[in-house]
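Visitor: Could you walk me through how these chains meet? I'd like the criteria behind the words, too.

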Amino acid sequence: MKEEIIIAGFGGQGVLSMGKILAYSAIMQDMEVTWMPSYGPEMRGGTANVSVILSDKKIGSPIVTKYDTAIILNQQSMDKFEQSVKPGGLLLYDPNGITRHPERTDITICRIDAIDVAAKVGNSKVYNMAVMGAYLKMKPLVDMVNVDKGLAKCIPARYSDLIALNKQAIEEGMNSVVTL
Amino acid sequence: MAEKILMKGNEAIAVSAIRNGVDGYFGYPITPQSEVMETLMKEKPWETTGMVVLQAESETSSINMVYGGACTGKKVMTSSSSPGISLMCEGISYLAGAELPCLVVNVMRGGPGLGTIQPSQSDYNQCVKGGGHGDYNAIVLAPASAQDMYDFVDWGFELAFKYRTPVILLADGIVGQMMEKVELREMKPRRTKEELLAAAPWATTGKTADRPYNVITSLALESDVQEKFNQKLQAKYKEIVEKEATHTEYMTEDAEYLFVAFGCSARICEAVVDDLREQGIKAGLLRPVTLFPFATKRLAELSKQVKSMMSIELNAGQMVEDVRLAVNGACPVGFYGRQGGNIYTPDEIADAFKKFNNLK
Amino acid sequence: MTLEDIKKPKNIVYKKTPLLTDTVMHYCPGCSHGTVHKLVAEVIEEMGIQEDTIAISPVGCSVFAYNYLNVDWEQAAHGRAPALATATKRLNPEKYVFTYQGDGDLASIGTAEIIHACSRGENIVVIFINNGIYGMTGGQMAPTTLLGMKTATTPYGRDAKLNGFPLVLAPMIAQLDGTAYITRQAVHTAPAARKAKAAIRKAFEYSQKGIGLSFVEIVATCNSGWKMSPTAANKWMVENMFPKYPLGDIKDVLKQE
C-alpha cells in the first residue's frame with residue numbers, strides 16, 4: 001500500500017497541520033510517512049501545499065508528480081493539481097470559493113463543505129479536521145484509534161481540551177462528504 | 001520498542017545531539033536550517049544533560065567557538081547553510097590543521113552568493129574538496145532521510161574522535177525540511193571527565209603534574225615541520241579512504257545502467273530505477289553515503305558491469321567529476337542536474353537518462 | 001662572591017616563576033610582551049591555578065605565547081580568540097580562561113568577537129597588548145596607530161583623511177553591560193609593572209565571580225616596529241601614547257557598588 005497525497009489551499013487553512021496530523025496518525029499505525037511542504041515557485045501567492053506519502057514500505061522518492069489523492073481547498077490549487085491526480089484517483093475539494101469545478105471523469109470527485117462543518121462544531125479552527133474526516137471516510141487507511149493518537153501527538157498538552165473538538169470535526173466531516 | 005516521532009530532519013539533528021551526549025552547540029540562524037538551534041533552545045538541554053547551546057554573533061564566531069570547545073576535548077557542533085558554511089571554511093581549515101574533532105552540519109541551499117533559500121546540493125565541491133585553505137579533507141556524510149540526520153550525528157562524532165578530524169554532515173533543504181518518522185535510539189549520556197581524558201588526552205583540560213602542557217595549534221613556521229605534519233595528515237586521510245568509504249546500492253546486481261546520487265537525489269533516483277525496471281530497463285543506483293571518502297572502488301568495479309553511469313545532482317555537475325575519476329574512462333558517464341532550488345521529478349530524470357543512452 | 005655562591009638558595013633574591021618555560025623568547029629586546037608574560041605567569045603561580053587555567057593565543061607576535069607559559073594553550077585564528085574563550089569557558093566553567101591579544105588581532109579583525117564576548121558577559125579575562133602597530137608582519141598600521149605615526153603602510157604618518165582615526169576600544173566596551181572590569185596599564189617601569197600585575201590578578205579573580213568580562217589593556221612599546229631604542233620607545237610611549245590611551249581603571253563594577 002502506498003498513498004501519495006497533495007493537500008493544497010491558502011495559508012491559514014491548516015493545510016500543513018492537517019498533513020502533519022494525518023502523517024502522525026499513520027505512524028501510530030506503524031506506517032512509513034513523508035511530509036514535505038512544497039518548494040519552488042508555487043510557494044508564492046499565499047498558497048500552501050504539502051505532499052504526504054503514507055506507505056507500508058520504506059519510502060523512496062519524497063518527490064512525486066502524480067497523486068493518488070488531491071485535497072484541494074482553493075481555486076489556484078484546483079487549477080494546478082486537478083490534472084495531477086492519477087487515473088482512478090481521488091479529488092476531494094471544498095467548493096467554497098471555487099469558480100471552476102473539477103472536470104475530470106476518470107477519477108472519483110468528492111466535495112466537503114468544511115466551513116459548514118466547522119460552524120456546526122462551533123470553531124473555525126477545526127476546518128482542516130473536517131476535511132481530514134472527509135478524506136478518511138473516502139480512504140479509511142488509518143484507523144480512528146490511531147487518528148486519536150496522532151491528534152494527541154500533534155496538539156500541545158495545554159490545548160488538550162481541543163482534541164475532543166477536533167475529533168468531533170473529523171466525525172462530522174466523515175458524515176458530510178458527498179461523492180459526485 | 002523505541003519511540004517513533006514525526007519530525008523534520010533539522011529537528012532530528014537537535015534531538016539527536018541532546019540524546020547522544022553532545023556537550024555544546026554554537027550556531028547562527030540561517031534558512032533552511034534554523035530549526036536546529038530553535039529546537040535546541042526550546043528543549044533547554046542545559047537543564048537536563050548539561051549541554052551548552054549558544055547563539056553566536058556570526059558563523060565566523062560559531063565555528064571558532066566550536067574550535068575552542070573542541071580544544072577542550074568536548075563533543076561540539078554547529079549547523080548552518082551554504083553562505084554560512086563559506087564563512088566557516090577558514091575555521092574548518094584550522095580545525096583540520098589542529099586535528100580537532102567536531103561536527104559541522106550544512107543544510108545546503110542554492111548559490112552562489114545569497115542565492116536562494118530553496119534546496120540544493122551545490123556545496124559538494126566546497127565541503128568535499130576542502131573549501132578552506134591548505135591540503136586538508138573533512139569526512140563528509142550525506143544523509144538522505146530524517147532518520148539519517150538523527151543517526152549521523154552520533155556516527156559523525158565517532159569518526160571525528162577516531163580520526164581527530166572535523167566531520168561535515170552535508171544535507172540539503174529537502175532532508176532538513178521534510179518530516180519523517182524518526183526512531184529515537186537509546187540515550188547516550190555526555191562523557192564524564194574521566195572518559196573525556198581517556199578519549200582526548202591531547203585536550204586543553206588544564207595542565208596537571210603528570211603531563212607536559214598541551215598546545216592546540218595549526219602553526220608550523222618551519223617548512224620541514226609543516227611538510228612532515230602534512231604527510232601525517234595525508235596518511236590519516238589515506239586510512240580514512242581505505243576504511244570508512246560507505247555507500248548503499250539499489251538493484252545493482254544485474255544493472256546495465258547505473259545512477260549515482262547522494263542525499264535527497266538518491267531517494268528520487270530510487271523511484272526512477274523502479275519506473276525504468278517496470279519498462280524493462282535494468283537500472284540500478286549507487287548512493288554514496290560518505291562523500292569523502294568516496295565509493296571510488298565500487299564504482300570502478302561497476303564500471304565494468306554497466307553500459308553507462310549517470311550522476312544526478314542538484315547542482316551544475318560536481319560529484320560527477322569524482323564518478324569520472326573512479327570510472328577512469330571504462331564506461332560513459334553522464335550528468336543531469338537542476339539548480340537554483342528547482343527539484344527534478346523522477347520522470348524528468350528518466351527522460352534525461354533515455355536521451356543520454358539513446359533509449360526509448 | 002663566586003657564581004656558585006650566588007646560586008646558593010640562601011642568596012637567591014629573585015627566581016623565575018616555574019610557570020614560565022625555559023624556552024628563549026623570540027621577542028625583540030625591549031619588547032613589552034616578555035614583561036607581560038611574566039606578570040601573567042606570576043599571577044597564575046601565586047593564585048595556584050595552573051591546573052585550572054586555559055590560555056588562548058592570538059595571531060601576531062604573541063602567537064607563540066604558548067611556548068613560554070606552562071599552561072594548556074589554544075591557538076586561535078586571527079581575531080577569534082574571544083570566540084574560543086567563550087566556548088572554552090562555557091563548557092568548562094570551573095576553569096580560568098584568558099585570551100592574550102594584540103591590537104591588530106583584537107581591535108581590527110577581531111572587533112566583532114571581542115565586542116560580543118563583552119556584550120554577552122563571558123566570564124573570561126582578556127589581556128590586550130596595545131602598541132599601535134602590527135609587529136609580526138613588519139610594522140604596518142594598526143587600528144590603534146596614532147595620528148602622524150609612521151608605519152610601513154603609513155610611511156608619511158597616519159592621516160585621518162586617508163587612514164581614519166585611532167580606535168580607542170576600552171571606553172567603548174566599558175559601556176557594555178557584560179563587562180565587569182576594564183583597566184589600562186603599562187609595564188615600562190617597575191611601579192607600573194606592579195600595578196599591571198595587580199590589575200591582572202584582579203581580572204583573574206573577577207572571572208570566577210560570574211560578573212562578566214575583565215579586560216586589561218597594556219599600553220606597550222614595539223621598539224623594533226617604531227624603529228627606536230627600548231628606552232627611546234618607552235619615552236615616546238609616555239609622551240605620545242599615554243595622552244591618547246591614559247592609564248587607570250575605566251570600569252570596576254564591584255568598586256561602584
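Visitor: What makes S2(A) and strand S8 (residues 179–183) of chain B a pair?

Guide: Strands pair if DSSP finds at least two bridges between them. Two bridges join S2(A) to S8(B), so they qualify, and they run antiparallel. Within S8(B), B:Glu180 is the bridge partner of A:Thr34. By the way, this is a predicted model: local features need pLDDT of at least 70, side-chain atom pairs count only at pLDDT 80 or more, and totals for chains, interfaces and linings use all residues. Residues are numbered from 1 along each chain as its sequence is written, while chains are lettered from A and ligands numbered from 1 in the order in which they are written.

Visitor: How do you know which residues belong to the contact of chain A with chain B?

Guide: Two residues are in contact if their C-beta atoms, placed from the backbone, lie within 7 Å. That takes 17 residues from chain A and 20 residues from chain B. S2(A) gives the largest share of chain A's side, six residues.

Visitor: Why is S2(A) called a strand?

Guide: Strands are DSSP runs of E, at least two residues, numbered from the N terminus. S2 of chain A spans 32–37, so it fits.

Visitor: And what makes strand S9 (residues 215–216) of chain B a partner of S2(C)?

Guide: The two strands share two bridges, in the parallel sense. B:Ile216 stands opposite C:Glu74 there. The contact takes 29 residues from chain C and 32 residues from chain B. On chain C's side, H3(C) supplies the largest share, eight residues.

Notes: Helix = DSSP H or I, 4+ residues; strand = E, 2+ residues; numbered from the N terminus.
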